[in-house]
Amino acid sequence: MLEIKDLHVAVGGKEILKGLNLEIRAGEVHAIMGPNGSGKSTLSYALAGRAGYEVTGGSIVYKGEDLTALSTDARAAKGIFLAMQYPVEIPGVTTINFLKTALNAQRRARGESDLDAVSVLRLVRGKAATLKVPEEMLKRALNVGFSGGEKKRLEILQMALFEPSLAILDETDSGLDIDALKLVADGVNALRAPDRAMLVITHYQRLLNYIVPDRVHVLSAGRIIKQGGKELAHELEAKGYEQIIKDAA
Amino acid sequence: MTTRATAPNPFLEEFAAHAAELPGAGLPWLDARRADAIKLVRAQGIPHRRIEDWKYTDLRAALEGANDLGKGAGVASLHNTDGLEVFEFGSDAPLWVVENFGAAGMDDTMSAASLALSQSTLALRVPANASPAQPVDFEFGGAHARLLIVVEAGAIITLLETPVGGAESFSNTGVEIVLHKGARLNHIRTASNAASAIVIEDLTVRVAAGAQYRAHFMSTGAKLSRTELHITLEGKGAEAHVSGVSVLDDGRHADVTTHIVHAAADTRSTQLFKNIAGGHSRAVYQGKITVAKGADGSDSRQTAKGLLLGLRAEIDLKPELEIFADDVKCAHGAAVGDLDVESLFYLRSRGIPEAEARALLMRAFLGDAVDEIGNGDIRAAVWSKVEAALAKATETAP
């Protein structure tokens, strides 16, 4: 599904990722853990194709295709979804209108026909109920005045709606209390599928108690320094990043 | 060096040539007001950028390049006026015309010019408590046009105003609006002028106790476009709520200049103006609020925002407050920026192509100003004009 080889990414002329390797197969859930400043968010933005995150070396191949040649929106249409750490507030655009616009843009890019407003609403309602996203929230301006938990639930609602092949969850646990965390994790787990891969980026092990990964990678100073199964997350929690980084050196 | 102050003023030449042929010429009260008006035009000359109020809008320079100045007779017509009184200055004027036509706010050159030179002159009276279901349409163009609207006590009316005119046209329109006690006027103007047109409009609005003036000005600009709005809240509890959007593509200019005077207690005003400037264009908003002595308990809010689509676009926002009363609430804010990159990335990461994402953000930026229009059909019609203007403005950016 995703093959990253010797990836170098610079932001504002400064190299953040320095030769990152990662391979994720369909159906797998991988976690990337790392201390602040290790390059976790840079990796997620580089995968999403954000302007200013310049790939200076290496390759990202997604479903056999060079991802770096594609625009941000083309990547989304091809099934890459980034659940953001800080979902952006956009006044003047209602949530439901945003969902309809995005869904239809992706459909159009794939050569499918637009869904009308009624069909979109029906589709959204079905997904919204399980994530406890109230109908009233859909009528409000996108993310404006939403609590941290509401914003994250809306991110997962989008994931359920767009049905991506590769979902990247960037610090989805940040700012969530335990109930909200469980709700979001249940939403994510419901979307685990044999034809879908997930990359869960997190600072803390807590989220991984609920979204149990197949593989865990430790990111430090722009490189993967250690890999393992789900038990690596517990080891990290016990020892701390400093010790793991020392051990790996 | 030539002194421009002595350059020939085409308005004076025109008055000298045509004064006797103007509608209503010979009515002593009207002749006197026109004579006063032309005196003012003579004293002040054509506005230019060294006059503070016209700093961003050099009318004199623009007119120097226009050779058909004043040649095209003005056009002004009113439609859907069943049950209302329309007076066309062919006969002796009724009292409501004599009392109000050319009577107020005559300290502005261009308004004085439209009074002195207007060949298209109309007056409309909405009788007390009337409430026509259909909006009144007002079309105008050419140089110069003049309209008086008197809305009597308790009457409610909607006015749709559309400037019409050819490519090389110069038009100068003066509109006087008088709202009696408890009257309401919803005024929507959509201006889609040619890129080479010079369009001046000066509105003077007097609002009596408990009356309400609501207006929305949608503009795509012109070679030079100036909309000047003078509102006086004369009676206790009078209100004015004005909003507008200017969406400009390459080579266009739109200036909205407002002055709202709170002259009585417990008066309220709100202003919300949004500007988008693409290509090499310039949007201007100057908004002055005066709260006069004795206008205690007044509440005034003013917001002006600008969105620049390119490096060669310019937006000038100038809010101004003058307060002489006590216990007054005044709030104003002005800001100019670019499209938010975070928002743009968020939308694109959801599969929305860049052009569509930009359009979505621009519509969102303008949204609250357009949504001030209460009537759903009219709002939808304005939105479709805004969409068309946005498509053009985006084409020419950056």
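How far apart are the end C-alpha atoms of helix H7 of chain A, and what span should its 13 residues have at 1.5 Å a residue? In this predicted model, helix H7 of chain A covers residues 178-190, and because each residue should add 1.5 Å, the helix should span 18 Å; its end C-alpha atoms are 18 Å apart, which agrees.

Several residues of H7(A) are buried, namely Leu181(A), Leu183(A), Val184(A), Ala185(A), Gly187(A) and Val188(A). The buried residues of this helix pack against three elements of chain A, which are listed below with their residue ranges.

| Element of chain A packed against by buried residues of H7(A) | Residues |
|---|---|
| Helix H6(A) | 148-162 |
| Strand E9(A) | 166-170 |
| Helix H8(A) | 206-210 |

We turn next to the contact between the chains. Chain A contributes 18 residues to this contact, while chain B contributes 17 residues. On the side of chain B that touches chain A, the elements giving two or more residues are helix H6(B), residues 341-348, and helix H7(B), residues 354-370, and the largest share, 7 residues, comes from H7(B). The residues on this side of chain B divide into 7 nonpolar, 4 polar and 6 charged.

Finally, there is the question of confidence. The model scores ipTM 0.96 and pTM 0.90. For chain B the mean pLDDT is 91, and 93% of its residues reach 70 or more. Over residues 1-5 of chain B, however, the pLDDT is below 50, and this stretch has 1 contact in the model beyond near neighbours in sequence.

Key:
Residues are numbered from 1 along each chain as its sequence is written. Chains are lettered from A and ligands numbered from 1 in the order in which they are written. This is a predicted model: local features need pLDDT of at least 70, side-chain atom pairs count only at pLDDT 80 or more; totals for chains, interfaces and linings use all residues. Helices (H or I, at least four residues) and strands (E, at least two) are DSSP runs, numbered from the N terminus. The expected span of a helix is 1.5 Å times one less than its number of residues. A residue is buried if 20 or more other C-beta atoms lie within 10 Å of its own, exposed if 12 or fewer, and partly exposed in between; C-beta atoms are placed from the backbone. Two residues are in contact if their C-beta atoms, placed from the backbone, lie within 7 Å. Ala, Val, Leu, Ile, Met, Phe, Trp, Tyr, Cys and Pro count as nonpolar, Asp, Glu, Lys and Arg as charged, and the others, Gly among them, as polar. pLDDT is the predictor's confidence in each residue, from 0 to 100.
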